[in-house]
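Colleague: Please give me a close look at one part of this model, the packing of its nonpolar side chains. Which residues touch the most other members of the largest nonpolar core?

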Amino acid sequence: MAGKKKQKDTPEAAEEAGLSKKQYEKELAQLHAELVKLQQWVQETGAKVCIVFEGRDGAGKGGTIKALTERVSPRVFRIVALPAPTEREKSQMYMQRYLPHLPAAGEVVIFDRSWYNRAGVERVMGFCSQAQVDNFLKAVPLVERVMIDSGILLFKYWLEVSEAEQTRRLQSRINDPRKTWKLTKMDLDSYSRWYDYSRARDDMFKASDTAISPWYVCGSDDKKRARLNIISHLLEHIPYKVGPKEKIALPKRQKAKGYEQPEHPFRFVPEKF
């Protein structure tokens, strides 16, 4: 990928250069505290934030989204991961199924894959025609301008994984029973089409990497660094401000006033651990 930061040549090299668990968790905890402040600002100001995550299978989108959302409210930070379109949705205007999920005031919406499916997987796997792809690439900058003009803060992140690291991650899904659900037949079909996806990505960037709605590319061979870099970047590009925090103290509990524990035969969960 021209112009991208050079990634480690092997998974082993990437692991050696990786952050320690202690350092990673320390940095992530600090970012989580800032995300809570961002959440408060979004609620207080009625801001509308939309974050798009794209990348090849195994690029680390899910883990990054988890790191981004694990300490904030799901009522404010909402994840959208749409299934394959229904027959009815296929008959609609392409962008129609995504529009209801865009943020309202006081919301942060995160797309785990997005309308850019048309430029990527749908194109590569033959789920749409080239004419439909061309129409999408022509229209998407205009649609995103309308979104931004309506007050939405739009951020688009592409996670760039190397061939070697993608292979390692997909192989681990085969061997780990906790991850087999992540590996679908389409993932296997897509794996063999590396350069088809590269061409699709390049055309997508050419059409939709605009001054008003740019793509931000993050090397993701090192998952920990990628998560920290993306969260840090996001926080740096949103002008959130939070006033002094009021001191919080727990109130006194009421007195029992004659309450007694019942003699109900509760069914307790066995303590196996």
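Modeller: Contact here means heavy atoms within 4.5 Å. By that criterion, and not counting residues up to four places away in sequence, I51 touches L68, V108, V109, I110, F111, F155, Y157 and L234. The model is a predicted one, in which local features need pLDDT of at least 70 and side-chain atom pairs count only at pLDDT 80 or more, while totals for chains, interfaces and linings use all residues. Residues are numbered from 1 along each chain as its sequence is written, and side-chain values use heavy atoms, with hydrogens and water left out.

To your question, the largest nonpolar core (buried Ala, Val, Leu, Ile, Met, Phe, Trp, Tyr and Cys residues joined through side-chain atoms within 4.5 Å) holds 34 residues, and L38, I51 and F53 are the ones that touch the most other members. Two or more residues each are given to this core by α2 (21–45), β1 (48–55), α3 (61–69), β3 (107–112), β4 (152–160) and α10 (223–236), where helices (H or I, at least four residues) and strands (E, at least two) are DSSP runs numbered from the N terminus. The largest share, 7 residues, comes from α2.

A second, separate core has 24 residues, with V52, V80, M204 and W215 among them. M204 also takes part in a helix pair, since L137, V140, P141 and E144 in α6 meet D203, M204, A207 and S208 in α9. The axes of α6 (residues 130–149) and α9 (residues 194–208), which are lines fitted to C-alpha atoms over the stretch in contact, with angles from 0 to 180 degrees between N-to-C directions, come within 9 Å and cross at roughly 45°.

A polar residue is also worth following: N117 lies in the loop between β3 and α5 (121–124), and N117 is buried, with a relative accessible area of 16%. Leaving aside neighbours within four places in sequence, N117 is in contact with E54, Y94, Y98, E122 and R123.

For the setting of these details, the protein chain comprises 10 helices and 5 strands, and its C-alpha trace spans about 75 × 45 × 40 Å along the principal axes. Of its 273 residues, 41% are buried, meaning under 20% relative accessible area, against over 50% for exposed and partly exposed in between (1.4 Å probe, protein chains only). Among the contacts in the chain with a separation of 6 or more, 79% join residues 24 or more positions apart.
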